[in-house]
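Q: Could you walk me through the ligand site and one of the helices in this model? I'd like the cut-offs stated as we go.

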Amino acid sequence: MKRTVANVTIECVEGDITDQQGFDAVANAANAQLRPGGGVAGAIHSAAGPELDRACRPLAPIGPGEAVITPAFNLPNKHVLHCLGPVYGRDEPSAELLASCYRAALELADENELESVAFPSISTGVFGYPLAAAARVALKAAAETAPRLRHVRLIRFVLWGRDALGAHERALEALSP
Ligand code: ADP
């Protein structure tokens, strides 16, 4: 499912964030120390190889709502945008911090003249953010940032499983035209 907002296509697909051929950047649901860990971060670091961990070290730590960029090494992409989402119930205001992750990552991609960015559903794993609420924040942040982007033309949400896909499709559909 896809929609176009201010010349930027926003789409939702089911899949694996480490398997996004042709995308200039993929986002990582990072931890503050930018270390491998589990979930998305574990998958991204193991697919990218140990050079990614070395590239991350001088950039850590980052705070909730922030994003940093590195090369993507063995991933089929040029860059990784490492985003730290809020831990639900701890980092407040959670919706604002989650929106800030997406905005910061998209602005960083745009500054680096990237055209396509794929995101996982940040904060909805170990960080415990409820899926439907996180999906609404994510899609709204992407749509609100779209008019300011000069290079990014494709934003893809890569969802792990049917429930996550459904929640994001409903949020995409609910965006005002
Ligand atoms: P966070 O710590 O920000 O909550 P997680 O990595 O624990 O991040 O999970 C974020 C979301 O990504 C969860 O909804 C999880 O189901 C999903 N996910 C896990 N592995 C992958 C993957 N390989 N590709 C895309 N999404 C994934």
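**Ligand site and helix α1**

Q: Which residues come nearest to the ligand?
A: Of the 15 residues around the ligand (a heavy atom within 4 Å of it), Val40, Ser123, Thr124, Gly125 and Val126 come nearest. This is a predicted model, where local features need pLDDT of at least 70 and side-chain atom pairs count only at pLDDT 80 or more, while totals for chains, interfaces and linings use all residues. Residues are numbered from 1 along each chain as its sequence is written, and side-chain values use heavy atoms, with hydrogens and water left out.

Q: What lies 3.0 Å from a nitrogen atom of the ligand?
A: That is a polar side-chain atom of aspartate 16.

Q: And which atoms lie by the ligand's oxygens?
A: A backbone N or O atom of serine 123 lies 2.8 Å from a ligand oxygen, and a side-chain N or O atom of threonine 124 is 2.7 Å from an oxygen atom of the ligand. Taken alone the ligand exposes 580 Å² (Shrake-Rupley method, 1.4 Å probe), and the protein buries 87% of that.

Q: Switching to α1, which residues are buried?
A: In helix α1, a DSSP run of H or I with at least four residues, spanning 39–48, they are Ala41, Gly42, Ile44, His45 and Ala48; buried means under 20% relative accessible area and exposed over 50%, with a 1.4 Å probe and protein chains only. Seen down the axis, the buried residues fall within an arc of 170° (directions from the axis to the C-beta atoms), so they line one face of α1.

Q: Which residues are exposed on the other side?
A: Gly39 and Ser46 are exposed there.

Notes
Helix = DSSP H or I, 4+ residues; strand = E, 2+ residues; numbered from the N terminus. Polar contact = N/O pair within 3.5 Å; in protein donor to acceptor, adjacent residues only side chain to side chain.
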